[in-house]
Amino acid sequence: MPDFEVVVVGAGPAGSIAALSLARLGHSVCLLERGPFPGSKNVYGGVIYGRILDELIPHWWEHAPVQRWITRRGTMLLTDHQSLCIDYRSTAWAQAPYNGATAYRPDFDKWLADEAVKAGATLVSSTTATGLVRTNRGLVGGVKTDREGDLMANVVIACDGVNSFLAKEAGLYPNFSKDHLTLGVKEVLALPRQEIEARFGIRSGTNEGADLEIVGGTQGIAGGGFVYTNLDTISIGAVLSLGGLSASKVRPEEVIAGLKAHPSLAPLVDGAELKEYSAHLIPEGGFDAMPEVVGDGLLVAGDAAGLCLAAGLWLEGVNYAIGSGKCAADAVHEAIAKGNFSKAGLVSYKDRLEATFVLRNHRKTRKAAHLLLSDRLQNRYPQIACDLLEQLYTVEDPLPKRGALTIGRALWKGSGLRIRHALRDGRDALKIYG
Amino acid sequence: MTDISRRESVLAFDDRMATVDFRISHTAHITVDSEVCRSCTTRACLVACPAKLFVTTNDGGILFNYEQCFECGTCYAVCNNEGAITWNYPEGGHGVVFRHG
Ligand SMILES: Cc1cc2nc3c(=O)[nH]c(=O)nc-3n(C[C@H](O)[C@H](O)[C@H](O)COP(=O)(O)OP(=O)(O)OC[C@H]3O[C@@H](n4cnc5c(N)ncnc54)[C@H](O)[C@@H]3O)c2cc1C
Ligand code: SF4
Ligand code: SF4
């Protein structure tokens, strides 16, 4: 007899939702977490996009530990001394069911794991899964742990995050590589509430908030940046390709310092006090870098399956973790009904992912990582866009005004870029965002 | 630490790490074989480790201290020499504990 029908490793969003769903379906499930409490090891930007929670936890917005509701989303292009921001604001997002919310992961993940416990899951914290246990038929039949001995189950769901040692041990992740990873580093900076509202143009006294995604400003390392508002702190950080970072002379915290010193960001963070510095990897490789997600007696979900969507306009992983955790639970439920825990019995997981936003969006955006980390997207196009606006906005009387086309043509010529590349990038961008 | 030094835009690195909580384990979860590092040409860990835990020694090796580690996995992903880094998670309940992650 196994100890549980299912062991879920990792109480991040993927694991907690897998455990919650299985418990609700009446199964015995253990949710294993190596941190002293769920969320204690987890770092993100971060904004939670909660639509996927609407069915799982009705009226989640009345209960989730939210900092601010996002009513302003911007995408900023930075050069050394210029910035160009597409800045969208909507008060429609200030009402239920909301679009996005900032939250601290130690709060949010703990809340979500508590929901799983309420549904009947058994949470075991402060315990690291150190490896897989195989049954005599060769299926995964449990995990080894450092505090509870072996925990046996019919199925193991690996929700153990970006480094997934379980997926690697099972041989499902042969292409795990630094080329598909970025390092996220972040500072949480304290400022008085009213000061944050004034600096970010948020209606004062509300818990509305802003989300700025940044292209450029990462000192030659392919990547990007972000700024998010919490109630009385700001999260500012950089996302850096590991290949670029290892070849660079600039350290991660220096990249953040560079962002904070940029003339268009400095006024937002000036004088704020550092509350916490943190770092975490992101699986940014997208569709083509994903591991196998189904093994004998084993499913892989969330970041462990490389399911974070990092596509410039979007940096979303929590919702994909939740979506995949739910699919995994449903697949396991079906396997339990059939009594078949082999790969063949669990394979419906893949179909379920394909049928939802999880793999649909990843398939559609599969060229994003390549496009966004290219020198053209990182440096060249932002430079041209900024210069174009600079010249359009500069009044050069008594010289006659030049039109945007004339300016654009001259800038393009001076850049040495090829039309052929731009057309290909345009086609890829259409595929991703069109 | 004074308020003023905290407010400077570039903090001393120790002050930066002092903002992070750790429940330090007695045993090292990561070990580095300094002998293997001697032949390393990239030294990628030096620039990439966000906690700055790798330092070069006078004799061309690497000195590593596991205590203030984010457990992010960057070092083994960028490491240039097979076998230089042995990487595990710390025992359950130990290591970094984020408050604002
Ligand atoms: C800098 C940064 C910014 C980001 N910004 C955003 C954002 O704004 N919005 C968004 O939606 N997403 C964002 N993401 C992505 C998002 O954080 C992840 O996609 C998401 O956390 C994945 O959830 P998960 O449950 O799969 O994995 P995780 O959240 O990583 O959870 C894995 C869990 O497993 C536990 N664990 C691991 N190994 C073991 C083991 N062996 N034994 C026991 N427990 C184990 C860990 O402690 C952890 O709790 C960002 C990520 C980073 C790094
Ligand atoms: S990259 Fe690896 S081999 Fe090179 S110095 Fe660092 S730890 Fe040693
Ligand atoms: S896991 Fe991350 S923080 Fe720890 S030593 Fe390696 S790179 Fe540094």
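Here is a short conversation about the surroundings of ligand 1 and ligand 2 in this predicted model.

Visitor: What makes the pair formed by A:Ala129 and ligand 1 a polar contact?

Guide: A backbone N or O atom of A:Ala129 is 2.9 Å from a nitrogen atom of the ligand. The cut-off for N or O pairs is within 3.5 Å, so this pair counts.

Visitor: What about A:Cys159 and A:Val318: how do you know that their backbone atoms make polar contacts with ligand 1?

Guide: For A:Val318, a polar backbone atom and an oxygen atom of ligand 1 are 2.9 Å apart. For A:Cys159, the distance to an oxygen atom of the ligand is 3.5 Å. Both pairs therefore meet the 3.5 Å cut-off.

Visitor: How much of ligand 1 does the protein cover?

Guide: On its own, ligand 1 has 1,000 Å² of accessible area, and the protein covers 98% of it. Helix H1 (13-24) and helix H9 (318-338) of chain A are among the elements that give two or more residues to the shell.

Visitor: Which domains of chain A give at least three residues each to that shell?

Guide: Domain 1 (4-67 + 103-176 + 291-365) and domain 2 (179-283) do. By class, the shell holds 18 nonpolar, 13 polar and 7 charged residues.

Visitor: Turning to ligand 2, why are B:Cys37 and B:Asn80 put in separate classes?

Guide: Both belong to the surroundings of ligand 2. Cys counts as nonpolar, while Asn is not listed as nonpolar or charged and therefore counts as polar. Over the shell of ligand 2, the classes come to 8 nonpolar, 2 polar and no charged residues.

How values were computed
Residues are numbered from 1 along each chain as its sequence is written. Chains are lettered from A and ligands numbered from 1 in the order in which they are written. This is a predicted model: local features need pLDDT of at least 70, side-chain atom pairs count only at pLDDT 80 or more; totals for chains, interfaces and linings use all residues. Side-chain values use heavy atoms; hydrogens and water are left out. A polar contact is a pair of N or O atoms within 3.5 Å; within protein, one must be able to donate a hydrogen and the other to accept it, and residues adjacent in sequence count only if both atoms are side-chain atoms. Accessible areas come from the Shrake-Rupley method with a 1.4 Å probe; for residues, only the protein chains shown count as cover. Helices (H or I, at least four residues) and strands (E, at least two) are DSSP runs, numbered from the N terminus. Domain bounds come from an automatic or database domain assignment. A residue is near a molecule or strand if one of its heavy atoms lies within 4 Å of it.
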